[in-house]
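Student: I would like to work through this model with you, one question at a time. Could you reason each answer out for me?

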Amino acid sequence: MEVRMNSNALKLITGDITKQTTEAIVNAANGTLLGGGGVDGAIHRAAGKELVAECKKIREEVLGGDDLPTGEAVITNGYNLPAKYVIHTVGPIWHGNTQNEEALLANCYKHSLQLAQEKGMTSISFPSISTGVYRFPIDLAARTALKTIIHFLQHHSFGQVVMTLFSPEDYRVYESALQQLLEKQ
Ligand code: AR6
């Protein structure tokens, strides 16, 4: 499914984000930036060892040895990936929406898009942040992600944003959320 917004496009696809050819792909990382399972593990495996080395450097030199806070984003090269850059963001762990999880998830999308635009990029692919190991309910995550992306595309001239959903079930959730949001406009 693809929708146009001003000069921008928002596309939903089913697929593997490590294969995407947009200028940047987004990683659903953890605060350490040192890799993990799920999409994070897949991105690090496909990019090669140089990716974790650059992440370590950012952790030491930019973050003073601390974790990247939830909702923030940093950028590295993509190394062996087709995408030139990886934007690493940390989604919230779901605690029943008692810890500002919706706003923190929106920040992941907003800050990743802002970083991509600051770097002059015109295309980016996102995975479904927080809906795996971090257990954020996918219907609420889909609404939050798509609302944030649509708001950004309505106010900026960017290019193409691709939501890369890993399963047909996840795709259907995002597709129906997008249809509902567009009907409301
Ligand atoms: N391409 C696209 N989507 C994928 C891929 C892929 N190759 N692999 C998995 N997904 P998760 P989180 C989907 O658990 O919930 C890591 O260990 C997956 O089906 O990867 O944000 C980190 O280090 C799901 O829909 O991320 C953190 O510790 C979505 O990506 C923690 O998991 C997100 O699932 C982050 O948890």
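Student: Which residues of α2 are buried?

Tutor: Happy to start there, keeping in mind that this is a predicted model. Buried here means under 20% relative accessible area. In α2, the residues that meet this cut-off are Leu51, Glu54, Cys55, Ile58 and Arg59.

Student: What arc do they cover around the axis of α2?

Tutor: An α-helix has 3.6 residues a turn, so residues three or four places apart point the same way. The buried set lies on the same side of α2, because its arc around the axis is only 145°.

Student: Which residues are exposed on the other side of α2?

Tutor: Exposed takes over 50% relative accessible area. While the buried residues of α2 pack against α1, β4 and β5, the opposite side carries the exposed ones: Lys49, Glu60 and Glu61.

Student: How far apart are the end C-alpha atoms of helix α2, and what span should its residues give?

Tutor: Helix α2 runs over residues 49–61, which is 13 residues. At 1.5 Å a residue they should span 18 Å, and this agrees with the end C-alpha distance of 19 Å.

Student: Let's look at β4. Is Ile75 buried or exposed?

Tutor: Ile75 sits in strand β4. Its contacts include Glu54 and Ile58, both among the buried residues of α2. With a relative accessible area of 17%, and the cut-off at 20%, Ile75 counts as buried.

Student: Which elements do the buried residues of α5 pack against?

Tutor: The residues in question are Tyr171, Tyr174, Ala177, Leu178 and Leu181. They are on the same side of α5, because they cover an arc of only 130° around its axis. Their packing partners are β1, β2, α3, α4 and β7.

Student: Which residues touch the most other members of the largest nonpolar core?

Tutor: In soluble globular proteins, nonpolar side chains tend to be buried together. The largest core in this model has 39 residues, and α4 gives the largest share of it, 9 residues. Those touching the most other members are Leu10, Tyr109, Ile124, Phe126 and Tyr174.

Student: How many residues are in the other core, the one that lies apart?

Tutor: Among its members are Ile25, Leu51, Val74 and Val90. Leu51 is one of the buried residues of α2. This other core holds 16 residues.

Student: What is the relative accessible area of Ile149?

Tutor: Ile149 is in helix α4. Leaving out residues up to four places away in sequence, it touches Leu10, Tyr109, Leu113, Phe126, Val161 and Met163. Ile149 is buried, with a relative accessible area of 0%.

Student: How many aromatic pairs are there, and is the one between Tyr109 and Phe126 stacked, edge-to-face or tilted?

Tutor: The count comes to 3 aromatic pairs. For Tyr109 and Phe126, the ring centres are 4.8 Å apart and the planes meet at 40°. Planes under 30 degrees apart would be stacked and over 60 edge-to-face, so the class of this pair is tilted.

Student: Which elements does that pair link?

Tutor: Both Tyr109 and Phe126 are buried. They are 17 residues apart in distant parts of the chain, and the elements they link are helix α3 and strand β6.

Student: Which feature does UniProt place at residues 1–182?

Tutor: Over that stretch the chain is 41% helix and 21% strand, with its end C-alpha atoms 13 Å apart. The UniProt record, an unreviewed entry, labels residues 1–182 as "domain: Macro".

Note on methods: Residues numbered from 1 in each chain as written. Predicted model: local features only at pLDDT ≥ 70, side-chain atom pairs only at ≥ 80, totals over all residues. Heavy atoms only, no water. Helix = DSSP H or I, 4+ residues; strand = E, 2+ residues; numbered from the N terminus. Expected span 1.5 Å × (residues − 1). Buried < 20%, exposed > 50% of the residue type's maximum accessible area, 1.4 Å probe, protein only. Arc of directions from axis to C-beta. Contact = heavy atoms within 4.5 Å. Phe/Tyr/Trp six-rings, centres within 6.5 Å; stacked < 30°, edge-to-face > 60°. Core = buried A, V, L, I, M, F, W, Y, C linked by side-chain atoms within 4.5 Å. UniProt positions renumbered as here; feature names shortened; annotations may be inferred.
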